[in-house]
Amino acid sequence: MSVKALKILLDYFKAAVEKENEPLKAFQALIMAFYKYYLKYPKYFELFIYMERPDFNSNIQGYLSISLELKKYFTEHLIRCQSAGLIKKDLDPSYCTYMIWGSCMGLMNFIEAKKVFIEEIEKLQREDLLKLYSEILVAGMKN
C-alpha cells in the first residue's frame with residue numbers, strides 16, 4: 001500500500017512538471033501537486049506521516065526505492081533550476097529537497113488541524129495558503 005501511495009505521488013509530480021514550461025513555475029507546481037494529492041488521498045498522507053517516523057522500521061526495500069525515486073525527481077528539478085541560473089547556486093539541492101518536503105508536510109498538517117479556524121473563522125482558503133507558501137519559497141531561492 002505504501003509503495004502504491006508513493007508511486008501515485010510521483011505521477012502527480014511528473015504531471016505537474018509536464019504542464020509547466022517555466023522551471024520555477026514547475027517547481028511551484030510540484031508543491032501544489034503534493035497538496036492536490038493530499039486532498040485526494042488523505043489516508044495516503046497519513047500513511048506517509050506514519051512511515052516517516054523514526055520508530056517505524058522503513059527498511060522495506062520497495063518503500064525505500066520509490067521514496068528515493070521521489071527525492072531524486074524533486075532534487076533533479078532543483079538542479080535544473082540551478083543550472084538555468086534561476087535559483088542560487090550555493091543552495092544544496094538535497095538539503096533543500098528535505099527542507100521543502102518537511103515544511104510542506106508540516107504546513108499541510110497544520111492546515112488540516114486548523115481547517116475550521118482557518119476557513120470558518122479567518123475566512124482563508126487552504127489552497128491559497130499553499131500557493132503563497134510556494135511563492136515565498138521560490139522567491140527565497142531565486143538568484
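Ala, Val, Leu, Ile, Met, Phe, Trp, Tyr, Cys and Pro count as nonpolar here, Asp, Glu, Lys and Arg count as charged, and everything else, Gly among them, counts as polar. Keep in mind that the model in these close-ups is predicted.

**Figure 1. The largest pocket and its lining.** Rolling a probe the size of a water molecule over the atoms shows where empty space is left. The largest pocket has a volume of about 320 Å³. A set of 16 residues lines this pocket, and Ala16, Ala29, Met32, Ala33 and Lys36 sit nearest its centre. Helix 1 (2–19), helix 2 (23–40) and helix 7 (126–141) are the elements that give two or more residues to the lining. Helix 2 gives the most, with 6 residues. Sorted by class, the pocket lining comes out as 8 charged, 6 nonpolar and 2 polar residues.

**Figure 2. The largest cavity, with its nonpolar lining.** How many cavities of 30 Å³ or more does the structure hold? The count is 1. The largest cavity has a volume of about 50 Å³. Its walls come from Phe13, Leu30, Ile31, Phe34, Phe74, Ile100, Trp101 and Cys104. Two or more of these residues come from helix 2, and the same goes for helix 5 (93–113). By class, the lining has 8 nonpolar residues, with no polar and no charged ones.

**Figure 3. Phe13 and Phe34, an edge-to-face pair.** A pair of aromatic rings is described by the distance of the centres and the angle of the planes. In this structure the count comes to 12 aromatic pairs. For Phe13 and Phe34, the ring centres are 6.5 Å apart and the planes meet at 70°, and anything over 60 degrees is called edge-to-face, so this pair gets that label. Phe13 belongs to helix 1 and Phe34 to helix 2, so the pair ties together parts that are 21 residues apart in sequence. Phe13 and Phe34 are both buried. Both also turn up in the lining of the largest cavity. Pull back a little and there is an aromatic cluster made of Phe13, Phe27, Phe34, Tyr35, Tyr38, Phe45, Phe74 and Trp101.

**Figure 4. Tyr41 and Tyr44, a stacked pair.** The ring centres of Tyr41 and Tyr44 are 5.4 Å apart. Their planes are at 15°, and the cut-off for stacking is under 30 degrees, so the pair counts as stacked. Is each tyrosine of this pair buried or partly exposed? Tyr41 has 23% relative accessibility, so it counts as partly exposed. Tyr44 comes in at 11% relative accessible area, under the 20% limit, so it counts as buried.

**Figure 5. Thr97 and the residues it touches.** Thr97 lies in helix 5. With a relative accessible area of 4%, Thr97 is buried. Which residue's side chain makes a polar contact with the side chain of Thr97? The partner is the side chain of Thr75, at 2.7 Å. Set aside the neighbours within four places in sequence, and Thr97 is in contact with Lys71, Phe74, Thr75 and Leu78. One of these, Phe74, is also part of the lining of the largest cavity.

**Figure 6. Gln61, exposed in helix 4.** Gln61 is a residue of helix 4 (residues 61–83). Its relative accessibility is 59%, and over 50% is what it takes to be called exposed, so Gln61 qualifies. For a sense of scale, the C-alpha atoms of Gln61 and Ser94 are 21 Å apart in space, with their positions 33 residues apart in sequence.

**Figure 7. Lys123 and Leu124, in the loop between helix 6 and helix 7.** Most residues other than glycine have a negative phi, and most peptide bonds are trans. Lys123 has a positive phi, near 60°, and is not a glycine. This lysine sits in the loop between helix 6 (115–121) and helix 7. Lys123 is exposed, at 60% relative accessibility. Leu124 is found in that loop too. At 37% relative accessible area, Leu124 is partly exposed. Not counting residues up to four places away in sequence, Leu124 touches Ile118 and Glu119. From Leu124 to Glu135, 11 residues apart along the chain, the C-alpha separation is 17 Å.

Methods
Residues are numbered from 1 along each chain as its sequence is written. This is a predicted model: local features need pLDDT of at least 70, side-chain atom pairs count only at pLDDT 80 or more; totals for chains, interfaces and linings use all residues. Side-chain values use heavy atoms; hydrogens and water are left out. On a 1 Å grid over the protein atoms alone, a cavity is a set of points where a 1.4 Å probe fits but cannot get out, and a pocket is an open set with protein on both sides within 12 Å along at least five of seven lines; lining residues have an atom within 4 Å of a point. Grid points are joined across faces, edges and corners, and a volume is the space filled by probe spheres set on the points. Helices (H or I, at least four residues) and strands (E, at least two) are DSSP runs, numbered from the N terminus. Rings of Phe, Tyr and Trp (its six-membered ring) pair if their centres lie within 6.5 Å; planes under 30 degrees apart count as stacked, over 60 as edge-to-face and the rest as tilted. Buried means under 20% relative accessible area, exposed over 50%, partly exposed in between (1.4 Å probe, protein chains only). A polar contact is a pair of N or O atoms within 3.5 Å; within protein, one must be able to donate a hydrogen and the other to accept it, and residues adjacent in sequence count only if both atoms are side-chain atoms. Contact means heavy atoms within 4.5 Å.
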